[in-house]
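The following report describes a two-chain model for a reader at the bench. Please consult the sequence and the structure shown here alongside the text.

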Amino acid sequence: MISLAGRDIMHAWGKFVFTGVGLGLLIGVTLSMAGIYRGMVDDAKVLLDNSGADLWVVQKDTLGPYAESSSIYDDTWRSIRGMPGVERVANITYLTMQVRQGERDVRAMVTGVTPGEAGTPGWPPYLVAGRQITRGHYEAVADIASGFKLGDRIQIRRNHYTVVGLTRRMVSSNGDPMVFIPLKDAQESQFLKDNDAILQQRRRTAENPNFNRPQVPGLLEAVIASQSTNPYVNAVLVQIKSGHNADEVAQSIRRWKRLTVYTRGQMEAILVGKLIATSARQIGMFLVILSIVSSAIVAFIIYTLTLGKIREIAVLKLIGTKNRTIAGLIMQQAIALGLIGFVVGKISATLLMAPFFPKYVLLEPLDSVFGFIAVVVICVLSSIIAIRVALKVDPAEAIGG
Amino acid sequence: MIKRFPIQGRTLALVLVLVPLLALFIYVALRSGPLAPVPVTVTSVEDRAISPALFGIGTIEARYTYRIGPTFAGRIKRLDVHVGDTVKAGQVLGEMDPVDLDERIQGQEAALKRAKALLNEALARQAYAQTQSRRYEQLLEVRAISEETVATKKHELQVAEAGLNAAREELARIQADREALIAQRRNLKLVAPVDGLITARDADPGTTIVAGQAVVELIDPESLWVNVRFDQIHAHGLAAKLPATIVLRSQTVELRTGRVLRVEPLADTVTEETLAKVIFDQLPEPLPPVGELAEVTVALPALPAAPTIPNAAILRRNGGLGVWQIKNGDLRFIPVILGAADLEGNVQVREGLQAGDQVVLYSAKALSARNRIDIVDRIPGVKP
């Protein structure tokens with residue numbers, strides 16, 4: 001038996017393929033949109049993965065350190081280290097700021113990591129070039145998305161750092177590249193005002209008669225020294241011993257240290273549910289609108305294609321073709337169109353859109369499978385309207401009209 | 001045949017469009033996303049000697065700082081030196097206002113003269129009393145006078161001698177008082193205790209200063225050292241006499257050599273740092289300002305050759321440190337025990353690897369044992 005649909009496509013295959021390609025670009029945008037959403041969620045997850053922590057100990061009653069600011073004393077880790085079930089602890093600071101290099105500056109999340117050996121919580125878990133930080137000061141490991149190269153001298157506040165290593169996919173939940181520097185430098189960079197502000201602060205203190213008393217030499221110096229220290233970090237990362245339950249260890253820290261502790265699951269809920277919730281909903285909304293628009297366009301295209309050959313269908317009916325054959329013709333064409341569209345969409349999303357999009361686009365195979373099923377279902381559904389029109393056509397139109 | 005040709009041409013064209021499209025689709029599906037092999041770079045474990053080093057930052061400080069001020073409250077009368085002046089030991093730097101001290105010394109001098117006069121008077125009395133006493137004794141021998149008169153004269157002599165002693169001691173007292181005032185007057189001068197450099201002038205003439213407050217500060221410029229802080233986690237092996245290189249913040253291109261003078265017995269408990277003093281082999285010329293930041297690298301003795309890997313290869317998995325080893329094209333996570341490390345990122349491996357083993361150095365994403373890998377020279381996206 002000859003395939004009516006195939007014959008018809010061959011009749012004007014150029015038009016058909018071009019329609020499919022056009023549809024494909026639309027599907028590509030939809031797939032990319034889903035990829036952008038997945039990328040946002042992934043940004044939040046890699047942030048947690050890269051920290052290597054099982055628990056996050058933060059200031060009491062805050063959602064820190066990512067979703068809210070949190071500061072705890074930098075010697076809190078000592079008491080947490082002694083809690084049962086705790087294997088390893090490390091101080092960490094996070095601050096999103098501009099990192100300068102020569103003329104340009106890059107928005108980056110500057111992360112202060114506790115000195116130690118590779119594998120310390122908070123350290124980049126893998127590199128793509130260079131080495132990990134070995135000196136306790138003035139070295140940096142930067143994400144490749146920042147555009148820095150090995151050996152670059154970058155400036156954070158007043159200090160210069162040498163880029164010694166590069167990472168990949170180490171980003172904040174906003175997608176800003178991370179720059180890892182030693183903890184003490186990071187504490188200073190969080191706190192340190194510019195020199196002029198420091199000078200003004202000193203002047204203000206010196207003018208205060210309570211602090212600058214002639215009878216007490218040295219008091220002013222002591223006050224100024226106490227003003228220029230920053231004994232805070234944003235969080236303590238905790239790795240727990242194998243065999244211990246994260247929730248139980250978290251509960252005992254909460255109870256005895258009176259600090260807020262988040263487990264991996266809670267942290268993910270905070271990041272995905274609170275931090276990126278609004279932007280994720282935006283993307284989700286776009287995704288829904290795009291899907292509706294795409295289905296409408298698919299339906300419209302198939303409807304127009306069918307109307308274009310209404311006369312031929314009338315002829316078919318006139319020569320006594322079965323309704324099932326006519327419906328099959330339309331549906332096969334719709335599905336073929338959908339297939340071409342999906343293939344073109346997947347290719348364009350992977351090769352043309354994702355690499356050039358400013359944010360990370362994660363195209364998951366499962367999403368593609370769902371996308372494929374959705375495309376086929378939409379094509380089948382939209383062909384139904386066209387089939388109704390085709391079946392209702394009067395065979396007389398083949399000769400009349 | 002001729003009639004069927006156009007249809008074949010169309011089919012051919014359609015195939016020409018659809019087949020590459022399908023091939024591209026399969027390529028895209030397999031080469032991106034989780035199914036794609038992860039690009040990695042590989043390095044082999046090498047037997048090599050490493051020279052560990054410690055890195056710390058510190059500030060230039062003077063070993064000896066002299067804060068010079070008066071020993072009691074007063075007003076500054078004059079101050080002859082300014083910041084930056086070099087002074088010699090014993091040089092007068094300034095003077096406190098003596099207020100009434102000069103007048104009191106004059107008073108003491110008058111009192112001294114008076115005491116001398118009183119001493120002379122007492123001497124005269126004593127000499128007269130002695131003469132009288134001797135004369136009356138002779139008269140008694142010839143029985144010209146009564147014994148009572150002689151006794152009276154002897155008593156007069158004793159009184160005169162006591163008066164003489166009192167006058168002598170009074171003179172000594174007044175002399176001592178005068179010398180005390182002169183010493184106080186001398187003490188008002190601010191004198192440099194050693195050869196040095198004036199680093200601070202905290203008050204100007206006319207200012208009232210409390211006892212013990214510094215007016216000028218001088219340092220011994222020969223005694224500059226660097227007060228270095230090492231994070232305790234990286235301070236293993238720090239000891240006196242180790243060679244060090246010093247980079248001043250103002251002269252980052254110029255390396256200076258020095259050595260560790262001593263490691264402080266007291267560490268900083270708050271900042272978790274160990275403190276050490278590093279001295280220059282040769283003092284920089286011109287002298288760096290006190291308080292300038294310096295980066296200090298202390299070289300530790302070189303270690304014998306052992307299997308060494310770059311620290312970028314090390315990662316933590318399930319609580320243990322290890323590396324991804326490649327054996328027959330398969331990935332295996334090998335736990336390692338690490339030894340010493342140097343500042344260039346080379347780490348010696350005590351257990352777990354032998355020289356010649358192939359380990360993953362860099363990877364484009366976090367690896368797991370199920371990943372397919374693609375060994376490349378450079379991770380895509382890394383610029384040379």
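The buried residues of helix 12 of chain A are covered by elements that include helix 2 (13-51), helix 9 (277-308), helix 10 (310-318) and helix 11 (323-353) of chain A. Here a contact means that the C-beta atoms of two residues, placed from the backbone, lie within 7 Å. Helices (H or I, at least four residues) and strands (E, at least two) are DSSP runs, numbered from the N terminus.

The model is predicted: local features need pLDDT of at least 70 and side-chain atom pairs count only at pLDDT 80 or more, while totals for chains, interfaces and linings use all residues. Residues are numbered from 1 along each chain as its sequence is written, and chains are lettered from A and ligands numbered from 1 in the order in which they are written.

**Helix 12 of chain A**

Helix 12 of chain A comprises 28 residues, 365-392, and reaches 41 Å from its first C-alpha to its last, close to the 40 Å expected at 1.5 Å a residue; the expected span is 1.5 Å times one less than the number of residues. At Ile385(A) this helix bends by about 25°, the bend being the angle between axes fitted to the seven residues ending at a residue and the seven starting there. Among the buried residues of helix 12 of chain A are Gly371(A), Val375(A), Ile378(A), Cys379(A), Ala386(A) and Ile387(A). A residue is buried if 20 or more other C-beta atoms, placed from the backbone, lie within 10 Å of its own, exposed if 12 or fewer do, and partly exposed in between.

**The two chains as wholes**

Chain A contains 12 helices and 12 strands, whereas chain B has three helices and 24 strands. For chain A, the radius of gyration is 31 Å, and a compact globule of 401 residues would have one near 21 Å. Chain B has a radius of gyration of 47 Å, against a value near 21 Å for a compact globule of 384 residues. This radius is taken over C-alpha atoms, and the globule rule is 2.2 Å times the number of residues to the power 0.38.

The table lists the C-alpha extents along the principal axes.

| Chain | Approximate extent along the principal axes |
|---|---|
| Chain A | 115 × 50 × 40 Å |
| Chain B | 190 × 45 × 35 Å |

Buried residues make up 43% of the 401 residues in chain A, and 24% of the 384 residues of chain B count as buried. Of the contacts in chain A with a separation of 6 or more, 78% involve residues 24 or more positions apart; the corresponding share in chain B is 73%, for residues at least 24 apart.

Chain A is divided into domain 1 (2-44 + 277-398) and domain 2 (60-192 + 230-258), with bounds that come from an automatic or database domain assignment. The C-alpha centres of these domains of chain A lie 47 Å apart.

**Tyr138(A)**

Tyr138(A) is located in the loop between strand 5 (129-130) and strand 6 (139-143) of chain A. Because it has 19 C-beta neighbours inside 10 Å, Tyr138(A) counts as partly exposed. Leaving aside neighbours within four places in sequence, Tyr138(A) is in contact with Asn159(A), His160(A), Tyr161(A), Thr162(A) and Asp185(A). Tyr138(A) and Val113(A) are 25 residues apart in sequence and 12 Å apart in space, C-alpha to C-alpha.

**Strand pairing in chain B**

Four strands of chain B form an open sheet in the order 4-11-9-6, with antiparallel pairing. Its edge strands are strand 4 (65-68) and strand 6 (86-87) of chain B, each of which pairs on one side only. Two strands pair if DSSP finds at least two bridges between them. Strand 4 of chain B is joined to strand 11 (residues 216-219) of chain B by four bridges, and Ile68(B) stands opposite Val216(B). Strand 9 and strand 11 of chain B also pair over four bridges, with Glu217(B) as the bridge partner of Ala200(B). Strand 6 and strand 9 (residues 196-201) of chain B pair over two bridges; there, Val87(B) has Gly196(B) as its bridge partner.

Elsewhere in chain B, four of the five residues of strand 17 (residues 306-310) are buried. Strand 17 of chain B is joined by three antiparallel bridges to strand 2 (residues 46-48) of chain B, where Asp47(B) stands opposite Pro307(B).

**The interface**

The contact between the chains takes 43 residues from chain B and 42 residues from chain A. Helix 1 of chain B provides the largest share of the chain B side, 10 residues.
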